[in-house]
Amino acid sequence: MNVRKTLLALALLAAAGVVQAAPNCTVKLKGGDNMQFDQKSVTVSAACKSINFELEHTGKLPVAAMGHNVVVTATADAAGVAKDAIKAGAAASYVPAGDARVLGATKMVGGGESTSVAIAGGKLKAGGDYTFFCSFPGHSALMRGKIVVTP
Ligand code: CU
């Protein structure tokens, strides 16, 4: 085999490796009528200028019965925010207004709808302990996952 071609192939493989190692700045979550997200853990990079959390509600039920959103907090704040979200009520889309513990939150969507929220990468510290969850009443116990933050 031609040595030059082999070297070129190796260089291309190396370049592909660099692309794969690029920081992940987009999280795509799906949630359905089974009250579950399709992922229990996601990985993002604190180096991202902005981190986009996208949610697709793959179910059929309306927002009032089976609404889903994505709320991002430090893991230590998740339970408190979930509790206050219920107090905030449906009119506030179950997100406490002006709450500094909420690092980001999408709107609440029903079956067949999608939504997203962008969070500045600098809000999440590499190696920190963060959680994403749905703040619809009764959902956060099941609909939650870990956010792994890489540098
Ligand atoms: Cu939900």
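Phe 136 is buried in this predicted model, with a relative accessible area of 10%. Its ring pairs with that of Tyr 94, and the two centres are 5.4 Å apart. From there, this briefing moves to the copper site, the strands and a few individual residues.

**The aromatic pair**

- Two aromatic pairs are counted in the model.
- In the pair formed by Tyr 94 and Phe 136, the ring planes stand at 65 degrees; planes over 60 degrees apart count as edge-to-face, so this pair is edge-to-face.
- Tyr 94 sits in the loop between α3 (75-88) and β5 (104-105), while Phe 136 sits in the loop between β7 (130-133) and β8 (144-150).
- The two residues are 42 residues apart, and their pairing links distant parts of the chain.
- Tyr 94 has a relative accessibility of 15% and, like Phe 136 at 10%, counts as buried.

**The copper site**

- Four residues coordinate the copper ion: Gly 67 through O, His 68 through ND1, Cys 134 through SG and His 139 through ND1.
- The coordination distances run from 2.1 to 2.7 Å.
- Along the chain, the donors of the copper ion follow the spacing G-H-x65-C-x4-H.
- Gly 67 belongs to the loop between α2 (63-66) and β4, and His 139 to the loop between β7 and β8, so this pair ties together parts that are 72 residues apart in sequence.
- Why is the arrangement of the four donor atoms around the copper ion irregular? The angles they subtend span 75 to 131 degrees, and a tetrahedral label would require all angles to lie between 85 and 135 degrees.
- Gly 67 is buried, at 0% relative accessibility.
- His 139 is buried too, at 2% relative accessibility.

**The five-stranded sheet**

- Five strands form an open sheet in the order β2-β8-β7-β4-β5, and their pairing is mixed.
- The edges belong to β2 (41-45) and β5; each has a single partner strand, so one side of each is left without a neighbour in the sheet.
- β4 and β7 run antiparallel and are joined by four bridges, with Ala 74 standing opposite Tyr 130 in β7.
- β7 also pairs with β8 in the antiparallel sense, over four bridges, and here Phe 132 has Gly 145 in β8 as its bridge partner.
- Which way do the side chains of β7 point? Tyr 130 and Phe 132 go one way, Thr 131 and Phe 133 go the other way, and all are buried.

**Strands β3 and β6**

- Strand β3 (residues 50-57) pairs with β6 in the antiparallel sense over seven bridges.
- Within this pairing, Ser 50 stands opposite Ala 120 in β6.
- In a regular strand the side chains alternate between the two faces of the sheet.
- Strand β6 (residues 114-120) has alternating side chains: Thr 115, Val 117 and Ile 119 point to one face and are buried.
- Ser 114, Ser 116, Ala 118 and Ala 120 point to the other face of β6 and are not buried.

**Thr 73 and its surroundings**

- Thr 73 lies in strand β4 (residues 71-74) and is buried, with 0% relative accessibility.
- A polar atom of the Thr 73 side chain lies 3.5 Å from the backbone nitrogen of Ala 78.
- Beyond residues up to four places away in sequence, Thr 73 touches Ala 78, Val 81, Arg 101, Val 102, Leu 103, Tyr 130, Thr 131 and Phe 133.

**Two loop residues**

- Asp 99 is in the loop between α3 and β5 and counts as buried at 17% relative accessibility.
- The side chains of Asp 99 and Arg 101 are joined by a polar contact of 2.7 Å.
- Ala 126 is in the loop between β6 and β7 and counts as partly exposed, at 42% relative accessibility.
- Ala 126 and Pro 151 are 25 residues apart in sequence, with their C-alpha atoms 4.9 Å apart in space.
- Apart from neighbours within four places in sequence, the contacts of Ala 126 are Ala 46, Val 149, Thr 150 and Pro 151.

Key
Residues are numbered from 1 along each chain as its sequence is written. This is a predicted model: local features need pLDDT of at least 70, side-chain atom pairs count only at pLDDT 80 or more; totals for chains, interfaces and linings use all residues. Side-chain values use heavy atoms; hydrogens and water are left out. Buried means under 20% relative accessible area, exposed over 50%, partly exposed in between (1.4 Å probe, protein chains only). Two strands pair if DSSP finds at least two bridges between them. Rings of Phe, Tyr and Trp (its six-membered ring) pair if their centres lie within 6.5 Å; planes under 30 degrees apart count as stacked, over 60 as edge-to-face and the rest as tilted. A polar contact is a pair of N or O atoms within 3.5 Å; within protein, one must be able to donate a hydrogen and the other to accept it, and residues adjacent in sequence count only if both atoms are side-chain atoms. Contact means heavy atoms within 4.5 Å. Donors are N, O and S atoms within 2.8 Å of the metal (3.2 Å for Na, K and Ca); water is not among the atoms, so sites may look incomplete. Four donors count as tetrahedral if all angles lie between 85 and 135 degrees; four count as square planar and six as octahedral if opposite donors are over 155 degrees apart and all others between 65 and 115; anything else is irregular.
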